[in-house]
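Trainee: I have a new model open on my screen and would like to walk through it with you. Could you help me get my bearings?

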Amino acid sequence: MKIYNTLSRKKEEFIPLEEGKVRMYVCGPTVYNYIHIGNARPMIIFDTVRRYLEYKGYDVNYVSNFTDVDDKIIKKANEEGVSSEEISKRYIAECKKDMQALNVKPATKHPLATEEISGMIEMIRTLMDKGFAYEKNGTVYFRTRKFPEYGKLSHKNLDELQSGNRSLLVSGADEKEDSLDFVLWKPKKEGEPSWASPWSEGRPGWHIECSEMSKRYLGEQIDIHAGGEDLIFPHHENEIAQSEAANGKLFSRYWMHNGFLNIDNKKMSKSLGNFFTVREIQEKYDLQILRFFMLSVHYRSPLNFSAELMEAAKNSLERITNAVDSLNRLSAAAQERPLSEQEQAVKKQGEELVSKYEAAMEDDFNTADAISAVFELVRLANTSAGENTSKELISYLKNTILTLCDILGIEAEKKQEMLDSDIEAMIAQRQAARKAKNYARADEIRNELAKKGILLEDTRQGVKWKRVSIH
Ligand code: AMP
Ligand code: ZN
């Protein structure tokens with residue numbers, strides 16, 4: 001299997017640290033709002049990478065954090081007059097609902113930065129002991145030039161970086177030894193969440209959070225570290241400097257980065273305001289269509305979001321679900337008999353398409369080509385399965401399509417539409433669970449309904465529901 005490694009800028013053969021196991025860390029979102037569909041791209045991509053590795057028989061330890069202490073969270077909390085914790089807890093819960101609706105498997109562990117502060121303080125202390133960090137007025141900085149390999153991930157040269165930063169030095173307002181140094185710990189400002197440390201009452205810098213959480217849950221060395229390409233510099237470059245300086249070992253063997261989701265050829269981002277939340281898209285489309293759309297292009301390529309492409313994805317996905325539907329119908333009346341010679345030839349063609357699919361996935365997760373192999377399989381099923389086909393061939397074709405789609409996180413079997421009366425009954429159960437303060441069960445029911453395309457809205461007049469598009 002080959003993975004494009006940002007470190008070497010080459011596709012490299014994937015060899016895990018420990019046979020049969022993969023340790024993987026994916027930088028998660030900062031939780032101050034609903035996630036947008038740009039944030040959903042790494043979730044979908046790296047969940048697909050995980051699913052393929054699991055299909056290959058690897059035991060994948062998949063860790064993905066939530067950044068729950070950050071300036072943007074504090075700002076939102078101040079705007080609403082609530083605590084930062086209330087904001088982050090709310091949007092973590094909402095993010096998990098979106099992940100479920102996108103069929104993104106929960107990570108083995110979703111650490112929260114605020115629950116890992118003591119480990120971060122330990123790591124900063126190690127960096128100070130080793131001379132890689134220093135304190136000034138309660139702020140701790142990383143001494144970038146002390147780490148000779150700085151720039152190896154982003155392929156940046158220290159002197160170029162330095163000249164880019166010169167304006168800071170001229171202003172003289174900076175207390176850092178060097179303009180390249182970055183923050184590991186900062187003192188709190190009025191009204192900010194804070195923790196005690198040997199240097200000041202304050203909070204960690206963003207980069208140290210991931211270095212520590214990755215170490216705590218996966219160990220000092222990991223196989224794959226991933227995120228969107230905007231994280232290459234400075235976030236991942238700084239994580240490498242911190243982790244390798246503190247642990248004295250290579251941090252991650254493979255670094256994977258997804259390209260951006262754009263809109264009108266501009267990066268979709270919260271700060272530019274040109275984004276759609278996953279929730280907004282869910283009102284119009286089954287989120288499987290969004291997932292399918294994201295996987296129809298190679299993960300390192302930029303992807304432009306448009307209604308036309310979503311419609312095309314919807315039609316493509318329908319071709320697959322229709323084929324499975326018709327195989328199901330044929331199967332009900334099919335004869336149980338051994339494969340005929342001609343059917344054996346069809347099965348062999350199917351097996352070749354599975355190999356084609358695997359070859360695409362093993363070439364740096366080329367999901368676009370893998371999907372083409374699924375379409376060839378659909379075409380094979382449509383042309384070769386009929387009323388006289390054996391049950392065995394029909395099952396083979398159907399199960400193969402379902403398995404290959406499942407690796408992509410796509411459920412190719414049509415879901416049954418729910419009856420209004422069943423929906424009302426589940427809403428009543430949810431109300432009863434809430435009354436009994438069993439909020440976990442209430443959320444579970446809401447999620448079950450969401451998976452079936454029923455969205456609930458709690459209003460002053462009671463619970464309202466609506467169906468969202470479902471294939
Ligand atoms: P953030 O909440 O901004 O830290 O982002 C969480 C994850 O989403 C990171 O891996 C980002 O690189 C990724 N991300 C943010 N915006 C986009 C986008 N427009 N396209 C693809 N990935 C994105
Ligand atoms: Zn990170």
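Mentor: Let us go from the overall fold to the metal site, the core and then some local details, keeping in mind that this is a predicted model.

Trainee: Fine, how many helices and strands are there in the protein chain?

Mentor: The protein chain holds 16 helices and 15 strands. Its radius of gyration is 25 Å, close to the 23 Å that the globule rule gives for 471 residues, so the chain is as compact as a globular protein of that length. Taken along the principal axes, the C-alpha atoms fill a box of roughly 80 × 60 × 40 Å.

Trainee: And what percentage of the residues count as buried?

Mentor: Of the 471 residues, 52% count as buried, and the accessible surface comes to about 21400 Å², with 47% of that belonging to carbon and sulfur atoms. Among contacts between residues at least 6 apart in sequence, 75% join residues at least 24 apart.

Trainee: Now the metal: which residues are the protein donors of the zinc ion?

Mentor: Cys27 and Cys210 each donate through SG and His235 donates through NE2, and these protein donors lie 2.1 to 2.2 Å from the zinc ion, which is ligand 2. Along the chain the donors follow the spacing C-x182-C-x24-H. Cys27 lies in the loop between strand 3 (21-26) and helix 1 (37-55), while His235 lies in helix 8 (residues 232-247), so the pair ties together parts that are 208 residues apart in sequence.

Trainee: Are Cys27 and His235 buried or exposed?

Mentor: Cys27 is buried, with a relative accessible area of 11%, and His235 also counts as buried, at 1% relative accessibility. While you are looking at helix 8, note that Pro234 has its place there, and that a cis peptide bond with omega of about 0° joins Phe233 and Pro234. That deserves a look in the model, because most peptide bonds are trans.

Trainee: Okay, switching to the interior, which residues touch the most other members of the largest nonpolar core?

Mentor: That core has 93 residues, and Met24, Leu53, Leu290 and Phe305 touch the most other members. Leaving aside neighbours within four places in sequence, Phe305 is in contact with a list of residues that includes Ile37, Leu261, Ile263, Met268, Phe276, Leu290 and Met310. A second, separate core of 39 residues includes Leu127, Phe142, Trp199 and Ala246. As a general point, nonpolar side chains in soluble globular proteins tend to be buried together.

Trainee: Leu290 turns up in both of those lists, so what about helix 10, how many of its residues are buried?

Mentor: Helix 10 (residues 287-295) is mostly covered, with nine of its nine residues buried, and these include the polar or charged names Gln288 and Arg291 beside Leu290 and Phe293. At the start of the helix, a side-chain oxygen of Asp286 reaches to within 3.0 Å of the backbone nitrogen of Gln288.

Trainee: What does the side chain of Gln288 lie 2.6 Å from?

Mentor: A polar atom of the Gln288 side chain lies 2.6 Å from the backbone nitrogen of Glu411. Gln288 itself counts as buried, at 7% relative accessibility.

Trainee: Let me jump to Lys152, where is its place, and which side chain does it join in a polar contact?

Mentor: Lys152 is in the loop between strand 6 (139-142) and helix 5 (158-164), and a polar contact of 2.8 Å joins its side chain to that of Glu244. Not counting residues up to four places away in sequence, Lys152 also touches Leu7, Glu237, Ile240 and Leu250. His155 is found in the loop between strand 6 and helix 5 too; it is partly exposed, with a relative accessible area of 35%, and its phi is near 55°, a positive value in a residue other than glycine.

Trainee: What is the phi of Asp264, and is Asp264 buried or exposed?

Mentor: Asp264 has a positive phi of about 50° although it is not a glycine, and it is exposed, with a relative accessible area of 65%. Asp264 lies in the loop between strand 11 and strand 12, where Asn265 is also placed. Asn265 is exposed as well, at 61% relative accessible area, and although Asn265 and Phe305 are 40 residues apart in sequence, their C-alpha atoms are 8.6 Å apart in space.

How values were computed: Residues numbered from 1 in each chain as written. Chains lettered and ligands numbered in written order. Predicted model: local features only at pLDDT ≥ 70, side-chain atom pairs only at ≥ 80, totals over all residues. Heavy atoms only, no water. Donors = N, O, S within 2.8 Å, 3.2 Å for Na, K, Ca; no water. Helix = DSSP H or I, 4+ residues; strand = E, 2+ residues; numbered from the N terminus. Buried < 20%, exposed > 50% of the residue type's maximum accessible area, 1.4 Å probe, protein only. Core = buried A, V, L, I, M, F, W, Y, C linked by side-chain atoms within 4.5 Å. Contact = heavy atoms within 4.5 Å. Polar contact = N/O pair within 3.5 Å; in protein donor to acceptor, adjacent residues only side chain to side chain. Rg over C-alpha atoms; globule rule 2.2 N^0.38 Å. Areas by Shrake-Rupley, 256 points an atom, 1.4 Å probe, with all protein chains shown as cover.
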